[in-house]
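I opened my notebook today to look up how the strands in this structure are arranged. Come along and follow my entries with the model beside you.

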Amino acid sequence: MFLRRWAVVRRPLTALLSSGSAPGNQSLTRSRELILSVLSTVPSPREARKFIDSVSGQETLRSQREFEERQAQLAIEQGDRDLVPGEFLHLPNEVQTPMRTLAALVYVDSETLGVVGKMLAQMQRIGVAPIVVTKANDHISAVRRTHMLADAVEREGGRARPICGGVFGADVCSEPITAAIAQGQIPVIAPLAVDSGQQLRVLDGSVTALARALAALDGSMSVARLILLGGESGITAGGELQRLVNLEEDYVRLESSCERTGALQLMRTCLGILAPTAVGIVASVHADPSLVLKGLISERPTAVPQFKKPESPVVARILDGVPNYQPIYEHKEPAVIQPSQFTLLRHGFRIQRHTSLDTVDIDRLRCLLESSFQRKLDMAYFERLRHLGIQIIVAGEYQGAVIVTFEKTSGEDLPYLDKFAVLPEVQGTGMADILWDELRVACPSCMWRSRNDNGVNQKSTREGY
C-alpha cells in the first residue's frame, strides 16, 4: 500500500520539491510537504523496511508487480485466460497472505486543535490508519469538536468520518470504526455513551475501552501506535523532558514527579493492553507533523539536543559571507516556536544492574549471548570478567543485556562496551533503545570496537554519544 501510494507521484522528486504553492495546486503542495516530512525522519534502511512491511500488511507480496505476476500465473494454472488486468483474484490458502491494517489510536487531549488535522492527513497518506478520540467536557462540545477535527482533516486533503454515537455502550462496537477505515476514512470518535436514563454523557475511560476492544479484533488490524496529543511537548519530570520512558522500570519514579500524571497512567494502561511491540508517543498539538511521523516510522526517541558554543557574531557573519556591519533598521518576522521533541514510551522491561558476577545468573546470560551472536561462548570469558571491574545491565528475564568492562589504561579505568545483546524474539519491542538509554546513564563516556556497518555506530552518532 505504501509503495503504491507513492507511485501516483509521477513528477521527478526534484521538481516536486521545488514547486510552489500556487492557488489550485494544493494537492501538489501537500505531496511536497509529505515528502519533506518523510525525508526529515531519516530512518535507517532496517527501520524503513520494517515500516513499509507493516503498512503493506504483506511480507511475500512486496510490490504490485509481484502480485500481478502471481495473479497471472494462478490464472493460467486455473485455466482462466480471460482474466481482466487488475482484477482481484482470490488466492488459495497456501498462497494468500492476509492484509493487515497498521492503525494508530490517537487521543487529542487539548482544547485547541493546532496542526492535528494536517498531522492526521499525513499519517493517512503514508498508510497508517488513525483512530481518533477527542477530548470533551459535555456532549455538545464532544459533537462540535468531533466535527471540527473531521473538517480540519478534510481541509488538509485527508478523508474523515465523524462518529458521534454507536461505538460506546455496554460494550464497544468496533463496526463503525472498521467500516470507516475500509472506506479510506479516518474515524473521529466522540467519547459519548447513553446512560440508563437514555441521556448522552461523556464516557470516562473511552480510550482505554477502545484500546481493549481493538486489541481483541482478529488479525485484520494491528494497533501498533498510541499517540497522545496535548498542549505540551511530552512528559516532563523535575522540569526535564523525558525522551524515552520504560514504563516497567520508570513508572514509579515518574509518578511522583511527573507533571502529566494522567497521560502517564493512560499510556501505562493502554500499552499494557496492546501488543508488546506497541509504541506510545506523547507530543504537542502544535508540533511539526514530521516530528510525529519520525516516531511513527523509526519507533525511536528524538536525539539528545547538542548545544554548540555560540560563535562571535562578527565571526559568524564573515563565515556566512555577510558584510561586517549592522543595518540601521532590520525587519524580523516574529519567530514561531514549534516543539522539537516528544516522549516515546514502551511497556518495556524491568532492569537489573550488577557490578559482580556473584549476583548474575550466568547460565541465562550465556544463553542470551549465544542466541544473540549465534555462536558458542567460551566459558573462559566469565573467568576474565571476574578479574575486571564490570557493569552488567540486564533487561527483563535475561532478554537483553549490556556488559561493560573497566580496562586498565595508563593507570585509569576505561569503560569498554564488551557486549550488547538482545534476544531475536524480543526485537521490535524497544529493547535496544531501553538498554542504550541505561548505558548512557551508567557510563556517560564509553568506547568499543565494531565493524563499520554495525548499527551501534549509527546509534551513537545519532544520539551524540
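I began with a pair of strands in this predicted model. I found strand E1 (residues 101–108) running parallel to strand E7 (residues 221–230), with eight bridges between them. For a landmark I picked Thr101, which stands opposite Met221 in E7.

Next I wanted the wider setting: in what order do the eight strands of the open sheet lie? I read off E3-E4-E2-E1-E7-E11-E12-E10, and the pairing is mixed. At the edges I noted strand E3 (160–163) and strand E10 (244–246), each of which pairs on one side only. Between neighbouring strands of this sheet I noted an average turn of 20°, direction ignored.

Then I looked for helices on this sheet. I saw helix H7 (residues 139–155) packing on it, in touch with E1, strand E2 (129–134), E3 and strand E4 (186–189). The direction of H7 makes about 175° with that of E3. I also found helix H8 (residues 175–182) lying across E1, E2, E3, E4 and E7, at about 165° to E3.

My last stop was another open sheet, this one of four strands. Here I wrote down the order E13-E14-E15-E16, with antiparallel pairing. Its edge strands are E13 (351–354) and E16 (412–422), and each has pairing on one side only. From one strand to the next, I noted a twist that averages 15°.

Which residue in E14 is the bridge partner of His354? I looked it up and found Ile392. E13 and strand E14 (residues 389–395) run antiparallel, and four bridges join them.

Terms used
Residues numbered from 1 in each chain as written. Predicted model: local features only at pLDDT ≥ 70, side-chain atom pairs only at ≥ 80, totals over all residues. Heavy atoms only, no water. Pairing = 2+ DSSP bridges. Helix = DSSP H or I, 4+ residues; strand = E, 2+ residues; numbered from the N terminus. Axes fitted to C-alpha atoms, helices over the stretch in contact; angles between N-to-C directions. Contact = heavy atoms within 4.5 Å.
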